[in-house]
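Q: I would like a close look at a single part of this model. Please start from one residue and work outward through its neighbours.
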Amino acid sequence: MRWHKTIALSLLLCLVLSACGAHNTPEAAVERLYKAVEAQDTDKYLDAIDPAMRSQPNLMGMFNGLSLSAGFGGFGVGLNLKSLSKTSFREMSYRMVDSRGDVAHVQAEGKMRMAALGMELSFCDIHLMRKIKGQWLVSYDQAEQEAKLARWQQRLNEQDATANPTNPWAGLETMLDFCQ
């Protein structure tokens, strides 16, 4: 009877440890980044990125600064630009593209809702991941970014040649696809 309890406790311990390890994957790190952007949580955003990138300007700081309010007499009138800059994500998938030791690439794909435009658009991006001090974090490589932007610029130029002048938003999803 005692050995049943030992086996049950061992299985429970293995289950708990494997669940904890599942949160430290490249895919989980990218998911944390998108959740931080959606929540406009600068601390969680910074916790999700490579420490070398934390001293660089980022969009989270801009979003958190967009909140204005004004008073008139005894009444306060608030205009919260932060809510207009809110971006949320739906139908997200995070897929490992490749992995080499402590470096990986993860594709994030889904729908982005932009409150300011009242739109939902498909998007795709591939993120460089590095394992730093045992933790997977979103990182940056200058050469990779330049190549990605060059491909994006070429697609944008091709799209401009066939643009529909009656619908300026028609090509926005193409602009948000960084996976090609």
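Leaving aside its neighbours within four places in sequence, which residues is Ser88 in contact with?

A: Some ground rules come first. This is a predicted model, in which local features need pLDDT of at least 70 and side-chain atom pairs count only at pLDDT 80 or more, while totals for chains, interfaces and linings use all residues. Residues are numbered from 1 along each chain as its sequence is written, and side-chain values use heavy atoms, with hydrogens and water left out.

Beyond four places in sequence, Ser88 is in contact with Glu38, Lys111, Met112 and Arg113. Contact here means heavy atoms within 4.5 Å. Ser88 sits in strand E3. Helices (H or I, at least four residues) and strands (E, at least two) are DSSP runs, numbered from the N terminus. With a relative accessible area of 12%, Ser88 is buried. The classes are buried (under 20% relative accessible area), exposed (over 50%) and partly exposed (in between), using a 1.4 Å probe and protein chains only.

Two of these partners lead onward. Take Glu38. Glu38 forms a salt bridge with Arg90, and the closest N and O atoms are 3.2 Å apart. Glu38 belongs to helix H2 (residues 26–39) and Arg90 to strand E3 (residues 87–100), so this pair ties together parts 52 residues apart in sequence. A salt bridge is a side-chain nitrogen of Lys or Arg within 4 Å of a carboxyl oxygen of Asp or Glu. Arg90 is partly exposed, at 33% relative accessibility, whereas Ser88 is buried. Glu38 thus appears twice: in contact with Ser88 and in a salt bridge with Arg90.

Now Arg113. Its side chain meets that of Glu120 in a salt bridge, 2.5 Å from N to O. Both ends are partly exposed: Arg113 at 37% relative accessibility and Glu120 at 36%.

Strand E4 (residues 103–114) holds another useful residue, Gln107. Gln107 is buried, at 13% relative accessibility. Not counting residues up to four places away in sequence, Gln107 touches Ser93, Tyr94, Arg95, Val97, Cys124, Asp125, Ile126 and Cys179. Tyr94 is 13 residues from Gln107 in sequence, and the two C-alpha atoms are 5.6 Å apart. The side chain of Gln107 also makes a polar contact with the side chain of Glu109, at 2.9 Å. A polar contact is a pair of N or O atoms within 3.5 Å; within protein, one must be able to donate a hydrogen and the other to accept it, and residues adjacent in sequence count only if both atoms are side-chain atoms.

Cys124 and Cys179, both touched by Gln107, are bonded to each other. Their sulfur atoms are 1.9 Å apart in a disulfide. A disulfide is a pair of cysteine sulfur atoms within 2.5 Å, and that rule gives a count of one. The link of Cys124 and Cys179 is left-handed, with -85° about the S-S bond. Cys124 lies in strand E5 (residues 119–132) and Cys179 in the segment after helix H7 (172–175), so the disulfide ties together parts 55 residues apart in sequence. The two ends differ in cover. Cys124 is buried, with a relative accessible area of 4%; Cys179 is partly exposed, with 22%.

Asp125 is another of the residues that Gln107 touches. The side chains of Asp125 and Lys148 meet in a salt bridge, 2.7 Å from N to O. Lys148 is in helix H6 (residues 142–161) and Asp125 in strand E5, 23 residues apart, and the pair links distant parts of the chain. Both Lys148 and Asp125 are buried. The structure holds five salt bridges in total, including this one.

Strand E5 continues into a hairpin. E5 and strand E6 (residues 135–138) pair in the antiparallel sense over four bridges. Pairing requires that DSSP finds at least two bridges between the strands. Met129 has Val138 of E6 as its bridge partner. Two residues lie between the strands of this hairpin, and Lys133 in the turn has a positive phi of about 50°.

Finally, the setting. The protein chain has seven helices and six strands, which run α-α-α-α-β-β-α-β-β-β-β-α-α from the N terminus on. Of its 180 residues, 27% are buried, and Ser88 is one of the buried residues. Among contacts between residues at least 6 apart in sequence, 48% join residues at least 24 apart.
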